[in-house]
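Open the model in your viewer and keep the selection box at hand. This tour goes stop by stop, with what to select and what is there.

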Amino acid sequence: MYNIYEFLRLAAELGNKYGVQLPKPTVAVLGSYNAGKSTLINGLLQTNLSPVDIVPSTKGLIFFKYGETFQAEVQTGKLKSQRFKRKNDFIQFLTDRSNRNTFEQAEVFIHSPLLKKITLVDSPGLDGPLVHDRSMEKLIKNADRLVYLFHQRGIEEFNKRFLLQLVEKYKQKKMPKISFWINCNLGNFDGTSLEETRLVLREIFSCQPDIFSINTRDPKNLDLFKCYLEIDAAEQVLGQIRKTMLQKDHELGQSAVHTVNTEYNAEFLLNFDRLKQTAEDLIGDRERLNKSANARRQLLKLLEINNKLNIRVQPNMKISNEQNKTSFNFNEIKELLLELIDRVMRGPAQKFTDHRALAALAGQIKKENFTIVAAGGFSSGKSTFFNALMSENLLPAQSKPTTFAITQISYGSHKKAVVHFASRVTLQLYDRINGKIEPRSDELNALSQWLINNHSEITAYEIYENRHFRRANHRECLNVLQDINQLVNRSRGDLSVPPLYKLVPAKLSAQIRLTEKVRLTFKSAGESTFDLTQETGQKAFYSAINSNNTFRLERVEVYHPVEYFKLASFLDTPGLDSTHKYHSEITTDYLQNSDAYLIFLNARQLLLSQGQNNPVEIISNRIKDYLKLDPKACQKIFFVLNFADTLTRLEREKVIQFVKEQLTSTIQEPQIYLISSLSALLQKDDGSFQRFINNLAKTVTNYRGKDILTRYVNEIRFILNNAVNTEQIKSATKVKQNLSFIKHSAAQYILKKKTVLINEINTRFCQLEKLIRNLKDEQDFYGFIQGISEQKKGLLFKNTKKVSCPSYFGWAADLNDYLTRSCAAITEQLAVSLNRQLSQFHLTTALHLTARPLQTLKISKMHKQVTDSLERNRGFLGRIKEREIQRDLLKLLTKEQLGLIENLSFWEKKLLKEIEQKLEPAYTGLMPNLEESSTGKRQISIRNTLHPIIKDVLKELNKIERLLNYPGVDSHGKR
């Protein structure tokens, strides 16, 4: 990057020197809407002026120019403009959804270093509804550089058509410079779209244009892109500078001829010096230009490296039942805990435990259960989703409403369905809303079918009058139905014909006293079981839950041996956007009682209903009030966009972004998954279905499930560990106190000996410091590291004599030997002392401690320091600088002294840790075990005095705890 920045600095310097002033180049950013153009410009300018949205939001061309203060002017029409002096006012104008008028162009002046060199232009999406063809043609024609930004998926058909038209249009003209960039800011970028786009562009342009990847949210990527733009501008400046230099070179030759013909020597010399200086400047500047010529090549290499760094591939998850091996089975562990409690309460160990506490805990565990609710619009694929989990079509999945009651899907060893019918049904026949009567068509249709076709199954009739129900007969109920039909039925036909209801003013009902509710009691009630392994059983099941029995269905239970259902019980509910008030009420009630809430949406229908009454808005309004009471509940809500197989890549992104926009006011970061239940059912899943299932399992088990089971494990362990008597507790307390005393004595002994060693280290280092301060000449320093110095004698100092002298080698070796022997002696003496104390307390004997070596001085460091200092610190005629060398040696000496003391402290900690580890096996059978309950109280128990049954149960609890903390690991620690 240094050559690049040097190149840019050189362009600015020479531009000022030669007075080159070129118009700032205009860089236009093009691309489809939502490709990230505005995000790119905002990142370059470090501002949020350019509008960013999931739908086409840039309403016209926005020219960003340099200005000391902010100001903006928008051309809203012919001879009409609107000015803004405040940034917030301009941003509000751009982002105002109510302002649907586009503008031709806007000029924004802001203070940005980049805009001193170029002018940036943000444009509407080329495939959006807000683009002006005439304005875009003018922009492309006048721009100096075009930046074409692709979405992460790479080039698409629309881009191909546009670029082919661009090439055809400029076939006989000079096309502006154009570079292509793929915005990879969505993650999981594998680089394939980059290579595919590169090949397509080569075919379109018959050459290889520049194409790179860029993450518009990464500052490093933006810096590289900024350099790319600035180098373009700098090259234009340097090109003009070269022309200016050629012109000056030509003028220099003419000036040389004129100087040669000068008659006066003084004038000749003056002109010659000026010509010489000018020639030297031109030659020097030309050499600098030639050296910086490789800046663009360096930048291109950096951009290619950045392409590789931007590749972040996440492996796709394959569909398989292996997923459940990475999570635990909540129901199985719950049953296992109940079995362990029962073993203690019914066995001989019951007299040692708190029977009442265990019974209460067992009751709490039995009530614990996970519930995952599937809600959403009709025909959103909920039933198909469960069929995909079961890998077969068991639940009815059609394009019309199929789920009319809460359907519970749980794990079972045998495939079966249980349908629960209500013996008594209350039907609300109409509602009064805003002064009008709104009939409930489904309830009226059901009542009509029962009264006409199935009246033999009804044993009792009741009509709601005067705020209470009274007994009635079949004829009276038919009259009730007849009265409502006469008032609100547009068909006014036979009761056996499905009526067409309308809204009527409530005042018209004054002539007819309408009955609001009817209650019916049936002969048959209870439940019906269906064997789903047989085709006849499946058909009978479908018939039992058809729409005629809608309001008689109380609950439907489906049992299937698929592993997914071991995690929790799933609930398939009626449509959340249903016009059946009965359905929407029972569905919404489950939100607050669920552990995970899956809201299914039909992705294809969402694309067609982005206007009024879209289901996302309806669902958002239903859950908004509940999230105000419990904001954390958003973590358990999953928005599942089904039918992904019917969408293109572009449509998939559009629908995800649309849902995010609709949920912004309700959930800041919604969990959105785009899946195809049908593809998963047909074993053609691309990995999205399995990823969703994995994340769902992780959410339930890692958050609430793990916490619940861990709490119960700790509660059971706490109760069992307290199954001891008072004498055992006293004995354990005494043992603990004795061992604490032994460890404390050992620590005090080591601290005392360490202090002695530190004092000895400090004394010896002070002696060595005095020796270094007495070193005067070069031979003294060499003698300090070698132990032998040369002394010159005689009249002319020609005779030399080698003399022994104190050396650092001998000093350090002596200190290292002292410390090693001392540490070994301390370890040995400490072991003897510990064995003596342990024997006094009748705990253990023959405790052996390992003599841990101390990390001592390294002599080579001082030898290297002396040699380097002698070479570095020399003055006139090679004379050494004694004080500088002494200062270097004393600095190293201080560092070595502190390091040696620190090593001694580390040796102390390791020795204390070893003592604690060696003592633990000696008192494992006697040492009190401290357990903490959920209330925070600490109690003492004895391991070796527990009843054998309690010991076995505690081992089982440890296995369960290991499984909770390490999902996928069995009781033996193997996967």
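Two strands count as paired if DSSP finds at least two bridges between them. Keep that in mind for the first stop, and note that the model is predicted.

**Stop 1: a hairpin.** Select residues 458–465, strand 16, and residues 468–472, strand 17. The two strands run antiparallel and are joined by 5 bridges. Find Glu 465; its bridge partner in strand 17 is His 468. The hairpin has 2 residues between its strands. Click on Asn 466, which takes a positive phi near 50 degrees in this hairpin.

**Stop 2: the other partner.** Keep strand 16 and add strand 19, residues 517–522. Here too the strands run antiparallel, and 5 bridges join them. Ala 460 stands opposite Thr 521 in strand 19.

**Stop 3: rings and a lysine.** Show the side chains of Tyr 464 and Phe 469. Their ring centres are 5.1 Å apart, and the planes meet at 65 degrees. Over 60 degrees counts as edge-to-face, so that is what this pair is. Are these rings buried or exposed? Tyr 464 is partly exposed, at 22% relative accessibility. Phe 469 is partly exposed as well, with a relative accessible area of 22%. Now add Lys 517, which lies over the face of Tyr 464, 4.9 Å from the ring centre.

**Stop 4: a buried pair.** Select Phe 638 and Phe 692. The ring centres are 6.0 Å apart and the planes stand at 70 degrees, so this pair is edge-to-face. Which elements does the pair tie together? Phe 638 lies in strand 24, residues 637–642, and Phe 692 in helix 21, residues 688–721, so the contact ties together parts that are 54 residues apart in sequence. Both Phe 638 and Phe 692 are buried.

**Stop 5: the wider cluster.** Extend the selection to Phe 385, Phe 386, Phe 565, Phe 570, Phe 600, Tyr 673 and Phe 689. Ring pairs link these residues with Phe 638 and Phe 692 into a cluster. The structure holds 28 aromatic pairs.

**Stop 6: helix 12.** Phe 385 and Phe 386 lead here; select residues 382–390. How many residues of helix 12 are buried? The count is 9 of 9. The buried residues include Lys 382, Asn 387 and Met 390. Step on to Ser 391, just after the helix, which takes a positive phi of about 60 degrees.

**Stop 7: another lysine over a ring.** Select Lys 416 and Tyr 559. The charged end of Lys 416 sits over the ring of Tyr 559, 5.4 Å from the ring centre.

**Stop 8: a covered strand.** Select strand 9, residues 211–214. In a regular strand the side chains alternate between the two faces of the sheet. On one side of strand 9 look for Ile 211 and Ser 213, and on the other for Phe 212 and Ile 214. All of these are buried, so both faces are covered. Add strand 8, residues 177–183, which pairs with strand 9 in the parallel sense over 4 bridges. Phe 180 stands opposite Ile 211.

**Stop 9: two helices.** Finish with helix 10, residues 330–346, and helix 27, residues 948–965. Their axes are 10 Å apart, and the helices pack at an angle of about 170 degrees. That makes helix 10 roughly antiparallel to helix 27. Their crossing is left-handed.

How values were computed. Residues are numbered from 1 along each chain as its sequence is written. This is a predicted model: local features need pLDDT of at least 70, side-chain atom pairs count only at pLDDT 80 or more; totals for chains, interfaces and linings use all residues. Side-chain values use heavy atoms; hydrogens and water are left out. Rings of Phe, Tyr and Trp (its six-membered ring) pair if their centres lie within 6.5 Å; planes under 30 degrees apart count as stacked, over 60 as edge-to-face and the rest as tilted. Buried means under 20% relative accessible area, exposed over 50%, partly exposed in between (1.4 Å probe, protein chains only). A charge sits over a ring if NZ of Lys or CZ of Arg is within 6 Å of the ring centre and within 35 degrees of the ring normal. Axes are lines fitted to C-alpha atoms, for helices over the stretch in contact, and angles run from 0 to 180 degrees between N-to-C directions. Angles under 35 degrees count as roughly parallel, over 145 as roughly antiparallel, 65 to 115 as roughly perpendicular and the rest as oblique. A crossing is left-handed if the near helix is turned anticlockwise from the far one by less than a right angle, and right-handed if clockwise.
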